[in-house]
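Visitor: I should like to learn how to read a model of this kind. May we begin with the place where the chains meet?

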Amino acid sequence: MEFLAYFGDVFTPINFGLLLLGTIGGLILGATPGLSPTMAVALLIPFTFKLEAAQGLILLGAAYTSTVAGGAVSAILLKIPGAPANIATTLDGHTMAQKGQGARALQLSFIASAIGGVFGVLLLIFLTPMLAKWALAFGPSHLFWLAILGVTVIGSLDSSSVVKGLLAGCIGLWLATIGFDDIMGAQRFIFHDSVAGGINVIPALIGLFAIPQVISMFAKGRQRLDAEVLSVQKHPIGEAFREVFRRSRALTIGTLTGSIVGLIPGVGGQIAGLVAYDQSKKLSPERDKFGTGHSEGVIAAESANNAMVGPSLVPLLTLSIPGSPTAAVLLGGLLIHGIFPGSDLFDNYPDVAWTFINSMLIGQIMMCIFGLYVAGLAAKVAQVPNAVMAAVVLGLAVFGSYSVQNSMGDVYVMMSLGTAMYFLERFGFSAAPLVLGLILGPIAEANFIQGSMIANATSGIGSYFFTGALNLTLIGIVVASVGYSIWMELRNRRYTTKDDAVAKEEALS
Amino acid sequence: MTDLPRSQHIIASGLVAAVGITVTYLSFTQEPAAAYLFPRIISTVFVVLALWTFGKAVMGRTKVGNGLTAHAMGRILPGLAVALIFVFWAAKAVGFYTASTVTFFILLSLYDPAPHTEIKTWIKRILTTAGFLVVMYGLFAMLLNVFTPREVFF
């Protein structure tokens, strides 16, 4: 119950103000089609440089939580999901809005999001310290395999093609080796002055997540957004609360599905909503009503996509392995403040870790309260033309990348990686494993070198890296995730992936 | 296999394979060897996967990736060209704020669906661009105190 000792820190004027700003800003950004939660958090990182570590994380955490929920606004009122995580919400939410029940759908969505989100953060609170203690037993070989596991699991589960996912992970691992070698001090792969000091993670993250979105908006051309914002009639909030609890089956399925999906690295919120919607439909006696404006559909989808937020941070905070692209961006936010998450995070920086986690708990409730008031404004912002969004995001990406080290080299790296990523994505490559490779590369290499030195002095590389229960378990998970994905690909019955979700989103909009 | 011509997949996977081969070659030929131990392992896996992908593309067995149609490419190119000129030349040569304001206005004019023939549209675009400049200057110059290259203008 250590977290209770730091609860008061969330309510200092600056911290609470940042939480409020992140929540309201995140709701509006989340409602904007094309601005994914990952990209929104990446673009916000430069604004945290001047803040203390806990304050910066409060802002990023609040933005993460509320962008996921904010995507429901445009899904319900415009039939355009703010992010792939909100696709399932569109199916029933928009139909409800068409029937004049927009306010009810929004209320159900935010209440279910908050309940799912609170459950997810509670899981984070209780699981993280336990796993962190367990992680103390990890040596260099285990940390090496963990880093490889982070890349391979995301590479195989997040992409539609296992080979292309793993290949993207390899590209990320290679990019991480550019610059000075830590042991010998040798310069590696320096083909331009911009990368002489290595590739800075923050501009790379901004480029990899923001620039492909900008170019995607270019690809839509001079397209007018014809979607009509449906009007919202008043609906008693008390009734919405009662309805959410009356539909406890959908709420439970959504919350549990989201939490489990969140814990699995690489799967993330993109599919949590769809899986929960599907399961809820299968187990409901009113399954025929799904798709016709049934409240269970909205409750299951929205509770799931917010329930996954907390658990998706468990691997990051305990093992320093980001389990999702957004967690990788949050890792970037930690690193710029000199904080490296892992087993000793709660011993060295308990104030930062607990204030951040507590703020996410409070943020869920604030998101529910403000979501209902901001929905109308957010829906209007969602109608901003693509041209404006593309130009604004490009401007923020360029200024944000430059501000990291006041270096044009970072801007060149950001733009080059982002442009290359757009074209790679068109051919089935995914940004998530590449980002994970880039972030986990230094961890993998440092532990590999350290492990090799220990192995050379003791038992030899083979037995050091390939024996022991923990090593074998981690290798087993790597092999199982890759094997399972290959098997599914060969059977041509691939489960829903991020790519499918994005394709569905494109089809809807 | 997607509907795309096989050649698009071959070019894309061929470029990735070329990078993989270059990285592998450099990893195994550069000194000191100890500094390249990890890159050697990575690049070996990289080149194997890249060649596998290239082989699949050559045989026409690529299953994922929507590729790019000529129509989409035609819509992307003007905006991408403006963005690349802004980043790789104008931002430093002309000054960050001037270059970003001009870029914003050009992108808005290129992709805004509003008709180009109406004066009201152009006034709206100019006002939006001015708003963008004010917000960016407020955020980065005043709030974050970022000193950007100012060169010819600012």
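Guide: The contact draws 61 residues from chain A and 71 residues from chain B. Please keep in mind throughout that this is a predicted model.

Visitor: How is the size of an interface expressed, and what area do chain A and chain B bury between them?

Guide: The size of an interface is often stated as the accessible area lost when the parts come together. Here chain A and chain B bury about 5800 Å² between them, and 80% of that area lies on carbon and sulfur atoms. On the side of chain A, the residues that lose the most area to chain B are A:Phe218, A:Arg222 and A:Phe399, together 14% of what that side buries.

Visitor: How many helices and strands are there in chain B, and is the chain compact or spread out?

Guide: Chain B has 5 helices and 0 strands. Its radius of gyration is 23 Å, well over the 15 Å that the globule rule gives for 154 residues, so chain B is more spread out than a compact globule. Its C-alpha atoms fill a box of roughly 55 × 45 × 25 Å along the principal axes. Of the 154 residues of chain B, 45% count as buried.

Visitor: What does the radius of gyration say of chain A?

Guide: Let us take the secondary structure beforehand: chain A contains 22 helices and 2 strands. The radius of gyration of chain A is 22 Å, close to the 23 Å given by the globule rule for 509 residues, so chain A is as compact as a globular protein of that length. Buried residues account for 66% of the 509 residues in chain A. Of the contacts in chain A between residues at least 6 apart in sequence, 79% join residues at least 24 apart.

Visitor: How are the charges of each chain arranged?

Guide: Chain A carries 26 positive and 28 negative side chains, with the centres of the two sets 12 Å apart. For chain B, the mean positions of the 11 positive and 5 negative charges are 8 Å apart.

Visitor: Turning to a single residue, is A:Leu316 buried or exposed?

Guide: The cut-off for buried is under 20% relative accessible area. A:Leu316 has a relative accessible area of 1% and is therefore buried. A:Leu316 belongs to helix 13, residues 314-319 of chain A.

Visitor: Which residues is A:Leu316 in contact with, leaving aside its neighbours within four places in sequence?

Guide: Among them are A:Ile321, A:Pro322, A:Leu330, A:Leu331 and A:Pro341. A:Phe340 lies 24 residues from A:Leu316 along the chain, and their C-alpha atoms are separated by 9.8 Å.

Note on methods. Residues are numbered from 1 along each chain as its sequence is written. Chains are lettered from A and ligands numbered from 1 in the order in which they are written. This is a predicted model: local features need pLDDT of at least 70, side-chain atom pairs count only at pLDDT 80 or more; totals for chains, interfaces and linings use all residues. Side-chain values use heavy atoms; hydrogens and water are left out. Helices (H or I, at least four residues) and strands (E, at least two) are DSSP runs, numbered from the N terminus. The radius of gyration is taken over C-alpha atoms; the globule rule is 2.2 Å times the number of residues to the power 0.38. Buried means under 20% relative accessible area, exposed over 50%, partly exposed in between (1.4 Å probe, protein chains only). Contact means heavy atoms within 4.5 Å. Lys and Arg count as positive and Asp and Glu as negative; His and the chain ends are not counted. The place of a charge is taken as NZ of Lys, CZ of Arg, CG of Asp or CD of Glu. Buried area is the accessible area (1.4 Å probe) that two parts lose on being put together, summed over both.
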